[in-house]
Amino acid sequence: MNRANHSVVSEFVFLGLSNSWEIQLLLFCFSCFFYMSSMMGNLLVVVTVTSDPYLHSPMYFLLANLSIIDMIFCSIAAPKMMWDLFREQKVISFGGCLAQIFFSHAVGGTEMVLLIAMAFDRYVAICKPLHYLTVMNPRICILVIVVAWTIGLIHSLTQLAFVVNLPFCGSNVLDSFYCDIPQLIKLACTDTYKLQLMVTANSGFISLGAFFLLTVSYIFLLATLQKHSSGGSSKALSTLSAHVTVVFFFFGPLIFFYVWPSPSTHLDKFLAIFDAVLTPFLNPVIYTFRNREMKMAMRRVFRQIMGFRKNH
């Protein structure tokens, strides 16, 4: 088919989550609550780690960066999704669609590397405690963040290169509430079988490989902790269990999106909402409620804020 005869697609239309007004209102309240809670919870973690000197350690430095990433990630698709719930035509421009893909993959790739770095941090703390501050020094921590963002951006640009020059000449309707590569390439008016394999290899198997690596790492660390029964190991066990929970919440939807051959639309949308607003909300909740140091630090910060307000 001659590409010159194609009508060029300049925008995409989302089918959204539901046509029922009652369900849309329920979804708006649900998404709005968890989005605001995600932003406030993650911001609270960043403020607490930054302002409390007792939390100026490598683990909390990485945790604060994870919270910053979560604030960015939940702001990529959730605000537009909530706005679109009340619109008849849920439209996004071609450039806006590419921007969603770019930022979601950049931030997702960065978070993946950061979770691996957090696992390494726990390995050094548990298995090499005497060398912990030497290995995880401030310079290394900053280098980890720079490397994580660099890898995330490279991964995202690679993904974007797959779709930026695809010819879109037919339907422009996406059965979703946000743009991502698996849905987008189905609309291309060309054979995308090889492209789908490349996307699966680039995102799917990388996610699967990272998840496997982290799972093996945490099993090894948990087995190491079982040999000890001190209070310190109990604290480390609580921290590890929080890390493991976050890893499962992060990688579960990703593996489903990019490795599963033909996902169900309803399950796909549910996991997409879970990934967009629930996972960023759960991360600070998990790390806060399972971490005594963080809860005590938050109380200290709260007392400082209240004391400052009384003096002024």
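In the predicted model, C97 counts as buried, because its relative accessibility is 0%. C97 is joined to C179 by a disulfide, with an S to S distance of 2.0 Å. C179 is likewise buried, at a relative accessible area of 0%. The torsion about the S-S bond of C97 and C179 is about -115°, so this disulfide is left-handed. The bond links distant parts of the chain. C97 sits in helix α4, whereas C179 belongs to the loop between β3 (173-174) and α7 (181-184). In sequence, the two cysteines are 82 residues apart.

The disulfide count comes to 1. For C32, the closest cysteine sulfur is that of C29. The separation is 7.6 Å, which is too far for a bond, because a disulfide requires sulfur atoms within 2.5 Å. C32 counts as partly exposed, with 26% relative accessibility. C74 is in no disulfide either. Its nearest cysteine sulfur, that of C32, lies 12 Å away. C74 is buried, at a relative accessible area of 0%.

The largest nonpolar core contains 92 residues. Within this core, F12 and F251 have the most contacts. Helix α9 (residues 231-259) gives the most to the core, contributing 13 residues. F251 counts as buried, at 0% relative accessibility. Neighbours within four places in sequence aside, F251 is in contact with M112, L115, S207, A210, F211 and L214.

Aromatic pairing was examined next. The structure holds 16 aromatic pairs. One of them joins Y123 and F220 in a tilted arrangement, 6.4 Å centre to centre and with 40° between the planes. This pair also links distant parts of the chain. Y123 is in helix α4 (residues 94-127) and F220 is in helix α8 (residues 193-225), 97 residues apart. Both rings are partly accessible by the numbers: Y123 counts as partly exposed at 29% relative accessibility, and F220 counts as partly exposed at 46%.

F211 and F251 form a further pair, with ring centres 5.9 Å apart. Their planes meet at 45°, so the pair is tilted. F211 lies in helix α8 and F251 in helix α9, so the pair ties together parts that are 40 residues apart in sequence. F251 thus appears both among the residues with the most contacts in the core and in a tilted aromatic pair. Elsewhere, F30, F33, F34 and F281 form one aromatic cluster.

Note on methods:
Residues numbered from 1 in each chain as written. Predicted model: local features only at pLDDT ≥ 70, side-chain atom pairs only at ≥ 80, totals over all residues. Heavy atoms only, no water. Core = buried A, V, L, I, M, F, W, Y, C linked by side-chain atoms within 4.5 Å. Buried < 20%, exposed > 50% of the residue type's maximum accessible area, 1.4 Å probe, protein only. Helix = DSSP H or I, 4+ residues; strand = E, 2+ residues; numbered from the N terminus. Contact = heavy atoms within 4.5 Å. Phe/Tyr/Trp six-rings, centres within 6.5 Å; stacked < 30°, edge-to-face > 60°.
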